[in-house]
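Q: I would like to learn how to read strands, helices and burial from a structure. Please take one case at a time.

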Amino acid sequence: MAGVAAVAVVAVSYGVYRHASPASAATKYVLANVEKGTLISSVSGSGQVAAQNQVTVTSNASGDITSVLVQDGDQVVAGQTLATIEAADASRAVDNAELALENARVAYDKAVKESENQSASSTVSDVAKAYQAGYNAIVATSIDLPAIFSGLNDLYYTPSHSPYFSDIKLANEVDAAAVTYKEQAGSAFDEARNEYQANFLRYKNISETSSEEEIVALLDETDVILKKLLGSLSGTYSTLDYVEGKLSAVPSVLTSDKSAVSSYVNKVNSDSSSITNALSAIDNAKTAGTSASLSMKSAELSVRQAESSLSDAQIALADHRVKAPFSGLVAKVIAKNGDKANNGSQIATLVTKEQMVNISLNEIDAAKIAKGDKATLTFDAIEDLTLAGHVSNVDLVGSVSQGVVSYSVQIAFDSVDDRVKPGMTVNASIVTDAKQDVLLVPSGAVKTVGGVSYVQILPTTYDAAEGAQGIIPDEAPTNIPVTIGSSNDSEVEIASGLAEGEQIVARTVTSSGATRSTTPTILNSIGGSRAGGNAGAAAGGTFRAVQFSR
């Protein structure tokens, strides 16, 4: 009996010591409640701030720079004068053109009065010959146009013909302005091509014996198409010239395309002159009468030529004022007062106030992104600043580096903050999905074994504040199988298996120096365990086998 009493005393003493003294490595269970909320999924990347558009403004005239009217950092609006170039000669040319136009108008007024005094009955030109010339002009034009339209069609719509001219290549290797110029010229080409296709069908149904009305109608229609085509060709050539000036290495096919377009321009100009002359000849044949009428027409042509000369002189004079092509900021002033400017001399670099960032994403993340997705932007240099943005472009073709495929994603800023400067590092988080009113648990609460997901719960419900600090229970947690849905870096959607408000194990913490939160019993003290044999596992914090219940 004395021996039994001694053992009991020792056991109690040991138990009190074991539970009152720091444990060597106790496992604490941090608890959380199952809550309903919104699950936001996103992908992230980083890059540098850049302006949505940047261009170096150049001069279109030659002469001494008389004034530079902007400084670095100035805000400008589209059409604002950045610098002026000495324009005395250009101004005199305008004065002379205005005087020539005035004289031409006086001569025209005089010819009109003389024509009115003449008899309306006079010998007319050979009408039949004029219409024959008109039909011949249509035939000659119809021989030239198919090759021209085919060549332009290859340039715009056959990627293998001119690979440098694709929208993606222009946007990535030149700038956004090149894409805009191409779209404008291409739209004019499409319009001219559609009208030509209908025009060609009418041409096949006409002959030199067709009525005068049919020939004149086809001449007028062909004249309109040629003018539209000439506008498209001019825009195309200007676009190619712009692209050539921007590329450091000019592909040979670009040079060939420019040469081809130039030859098209010459042919269309020639055909247009033939059509115009044919229409004039027919008009003269029908209306020609007295010499006074012919003089009036000549005077009218002189007026048009003088007007055209004046317009050219005014454009040349306007080129002596270098203007901003769009509203934005002056990033750098290159020229200064007194510099000698030539056609193409750099004056200043402009950037738009609208900003963007390019980030690179792997193929898995890029597949989740769509144009228009919302993004949140933060900045390493400005800790308290968060801006909203949206995906404005996703590369259709990825780039491969060391076997890894990545895609460039462009994010446009929805607002501007003056603290944000080009070149700053931007961290972008792009929202790919948002599920509302779903059950959510912390990511660390869900475990998966053998393709089966589960969470753990404790037999006892604890106060939320106490559970957030961590619990050391007497009983082992129970594994509850769950069906999971979407997830992000911090939360997992629970599709089934749990109810809102249930308390689960969010994570476990193994720490030295922790003490138990319950009063020990003698059986506990001498190494006994609770029913089911899970107390020892709870104290140790490790589960060797997964057992599910509920």
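Q: How many residues lie between β12 and β13 in their hairpin?

A: First, the ground rules. This is a predicted model, in which local features need pLDDT of at least 70 and side-chain atom pairs count only at pLDDT 80 or more, while totals for chains, interfaces and linings use all residues. Residues are numbered from 1 along each chain as its sequence is written, and side-chain values use heavy atoms, with hydrogens and water left out. Helices (H or I, at least four residues) and strands (E, at least two) are DSSP runs, numbered from the N terminus. In this hairpin, six residues lie between β12 and β13.

Q: Which strands pair with β12, and in what sense?

A: Two strands pair if DSSP finds at least two bridges between them. Strand β12 (residues 374-379) is joined by five bridges to β13 (residues 386-394), in the antiparallel sense. Five bridges also join β12 to β16 (residues 425-442), again antiparallel. Thr-376 shows both pairings: Ala-388 stands opposite in β13, and Ser-429 is the bridge partner in β16.

Q: Which side chains of β12 point to the buried face?

A: Buried means under 20% relative accessible area, exposed over 50%, and partly exposed in between (1.4 Å probe, protein chains only). Side chains alternate along β12: Ala-375, Leu-377 and Phe-379 share a face and are buried, whereas Lys-374, Thr-376 and Thr-378 point to the other and are not.

Q: What is the strand order in the open sheet of three strands?

A: The order is β17-β18-β19, with antiparallel pairing. Its edge strands, β17 (447-449) and β19 (478-481), each pair on one side only. Between β17 and β18 (residues 452-457) there are three bridges, and Thr-448 stands opposite Ser-453 in β18.

Q: What span should helix α5 have?

A: The expected span of a helix is 1.5 Å times one less than its number of residues. Helix α5 (residues 176-204) has 29 residues and should span 42 Å, which agrees with the 42 Å between its end C-alpha atoms.

Q: Is Ala-178 of α5 buried or exposed, and what is it in contact with?

A: Ala-178 counts as buried because its relative accessibility is 0%. Contact means heavy atoms within 4.5 Å. Leaving aside neighbours within four places in sequence, Ala-178 is in contact with Leu-170, Thr-239, Tyr-242 and Val-243. Thr-239 is 61 residues from Ala-178 in sequence, yet their C-alpha atoms are 6.5 Å apart. What covers the buried residues of α5 includes α3 (127-157), α4 (167-173) and α6 (212-246).
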